[in-house]
Structure formats: C-alpha cells, structure tokens
Amino acid sequence: MSSLLVDDIGELVTNDPPGDEGGPLGIRRDAALLVEEGRVAWIGPSRDAPAADRRLDAGGAAVLPGFVDSHAHLVFAGDRAAEFAARMAGQPYTGGGIRTTVGATRAASDDELRATVRRLRGEAMRQGTTTMEIKSGYGLTIADEARSLAIAAEVSEETTFLGAHVVPAEYADRPDDYVGLVCGPMLAAAAPHARWIDVFCERGAFDVDHARAILACGQAVGLGVRVHANQLGPGPGVQLGVELGAASVDHCTHLTDADVDALASARYDCMCADGRHTTTVATLLPGAEFSTRSPYPDARRLLDAGVTVALATDCNPGSSYTSSMPFCVALAVREMRMTPAEAVWAATAGGARALRRDDVGVLRPGARADLMILDAPSHLHLAYRPGVPLIRQVLRNGVPQ
Ligand code: NIG
Ligand code: FE
C-alpha cells in the first residue's frame, strides 16, 4: 500500500472543526496530511507526521478540500456568445435560449458531446473542482437525454436527469404529453445513468403541478430530488423542494419570507454517516446573476436564518458559462456579503451537503483525499485575489491531476 504525506501546510482547511478551534473551516496551522489508498489516513502537526512512501511539500501554502460543484450543465453543443452580448447591451434573460442549445445538442455526435464534457470537466479540475454534478437537459428526447447522461456518467458519479428543463418546441402546444413522456419512457431510459432528478420550476418552463408529478416519478424509481427554483421570479419551487425533501433547491434568487422559513425549518431523518438529520440546501449560483446581469440572491438573509448554503457554478452555455468555483467564491464575497470563510465552506462542505455526501468537501480521516494546494498562504486569497490562477496542485482520490 503506497502512502503520500502532504506536509509543510501553512493553513489546512478541514471543514471539520475540533471544538470551536479554527472556526467553521476547522483551520489547522503547520499541519500535515497522510493519504493511503485514496483516503485521508491521518491529519496532525507537521512535526508529528508519520513516515510515508512519498512526500509532497506544500511549502507553507494553504491546502483546502477540493471544491464540490453541485450544479452544472456540461452536456451541450454550440455556444450562445451572441445572446450574452445582447444581454450586456440590455436584453433580459428569459431562458428562451435553452431551445437553441437543444437544437445544437441533438445535432451533435456522441464524440462532440463527450469532448465538450471532458474539456469543461478538465477546466474545472484545474480550478480545484474534485466533485462535479452534471445534468442532462439539452436533449429532451428519450435517446438524447439517455446519451447525455451516459456521457456525463463517464466523468462523474453525480449525474442528474433534467428532462424537464423546458418543454421542447415539438410539444409546445401539448405540455401534458411532454410530462407524460418525461415520467414514462424518458425516465426509464435515463434512470440507469442518473443519481438525481431535477426540474426547472419557473414561469415559462414547468408549473408546480407538473414539477411535483415529475419529481415524484423520479423519487419512485430511487432518484434524489433537486429543483431549479425561484430564479427568474418568486414562485413555488423552493417550497415544493422542501415538501419533497429535496437535497437542494438551486438559484433562490427571488425568495419570500415563507420560502426562507421553509428552508430554515427543513429537517429530515437521514442515513448520514453521522446518524443525524439532513436538510434542503439553498444552492446559490452567482455566475448566473453575473452573466444575466440580474440582482444577486440574498445570501445573508439565508445564512442569518440558519439555512445551509452551497455555492456552485451552474456552468452552461446560456446563463453562466463559467466552470470556475474560485470566481463564484469571489462573487459571493464581494456581491452577496458572504464572509470568505462562509463562501469557502459553501463551495466545499456546502456542495457536499447539497449532494448528500459526507466523504467529500471535508478533510478528516476516512474522507476522500480530494484537495487543492493554493499558490497562496490562506483561503482568504481566493476572494482577495479574484481572477488569479491560485490553484497550484489538485489531488483527487490522492492522485495528482
Ligand atoms: O440553471 N435555469 C435554467 N437552466 C439553466 C440555464 C440554461 C440555459 O440558459 O441554457 C440555469 O441557469
Ligand atoms: Fe442550472
């Protein structure tokens, strides 16, 4: 069994607070971390580090858990740069461009889609993302949704069936029939490749009754629930997510007090390793507000109410064509009044909660050895030095990427 010692870590973010020491990030100084068989085997002071087969010198830099990007749409063809330019010239974002990408995606070969997924997954990895959820949702036929998920599953175990992204043009005047297709043969073809089901519950996409029906069908075949909710305006998506015990409701840009209360009091029994409850996470996607020039979600209101918050990229060719979690952290701090510690937690441990995972987003014995070494002495630099490539090295399952 080969072991690897990462030592001379100036600041180690564990997200595993020993008492109140190190704050919510569980920061340890002058630390070392031993990796065995892809897992964290030991964490402690550098001076007490055990012997190992190999050594990786962090040179006094900061080491953090890899980012957990719990919301991305990587399976698509084409781009919508012109739509972005039009928005920056004053056009609003309506989600109408989704159908443009659906057309391009249907026309693409498997290898073209695979190349895009791998390119974007690699781009994210180089920016510290060691876990990345990937949705379908630009195929919207049985075959195109199934192949989108099969291609996504080649690079991620966190795959999400989003057949209910929009009603495709050929079903525009019979949305009930499309919901029947999604719940029936499309779900049957998609489910073997998916862990999650998601619906875009929004005016112009799916109303609450359709969304509830589709999510319930997914739950009935064992998929976990997530919802695109309250992005373009207030609506029922967040409370529907809580009603169904969703792992996450995503966007949360337009929330009422009742939405915030529902999230704050959401508690479910779970089979978590720590044997405690779980909740519905509010996953905020500031890349979407940036790229659609929309008001940012009110992260402070959610945090102050006790809601668990995650940050994710929403990487997609329409509303947020970024794969960069450091960019999202910087936006959350500057534009959403999250502290750097809150934003780093939300982008790592928060993302893990949004995927109901306790083996990633945290560095403690038994967790996956998914981590990044920064070219910086502290996690603060992720927001303090926006736009700078600060990720020096990424390990996934203990393996340098
Ligand atoms: O999460 N809101 C719905 N879906 C994507 C956008 C998709 C697109 O514009 O292509 C989102 O922002
Ligand atoms: Fe999305």
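Here are a few friendly notes on the predicted model above.

1. Ground rules. This is a predicted model in which local features need pLDDT of at least 70 and side-chain atom pairs count only at pLDDT 80 or more, while totals for chains, interfaces and linings use all residues. Residues are numbered from 1 along each chain as its sequence is written, chains are lettered from A and ligands numbered from 1 in the order in which they are written, and side-chain values use heavy atoms, with hydrogens and water left out.

2. The iron site. His71 (NE2), His73 (NE2), His228 (NE2) and Asp314 (OD) are the protein donors of the iron ion (ligand 2), at 2.1 to 2.3 Å. Donors here are N, O and S atoms within 2.8 Å of the metal (3.2 Å for Na, K and Ca); water is not among the atoms, so sites may look incomplete.

3. Spacing of the donors. Along the sequence the pattern reads H-x1-H-x154-H-x85-D. His73 sits in the loop between strand S6 (67–69) and helix H1 (81–88) and His228 in strand S11 (residues 224–229), so this pair ties together parts that are 155 residues apart in sequence. Helices (H or I, at least four residues) and strands (E, at least two) are DSSP runs, numbered from the N terminus.

4. Burial of two donors. His73 has 2% relative accessibility and counts as buried; His228 is also buried, at 3%. Buried means under 20% relative accessible area, exposed over 50%, and partly exposed in between (1.4 Å probe, protein chains only).

5. Cysteines. The structure holds zero disulfides, a disulfide being a pair of cysteine sulfur atoms within 2.5 Å. For Cys201, the nearest cysteine sulfur, that of Cys252, is 12 Å away.
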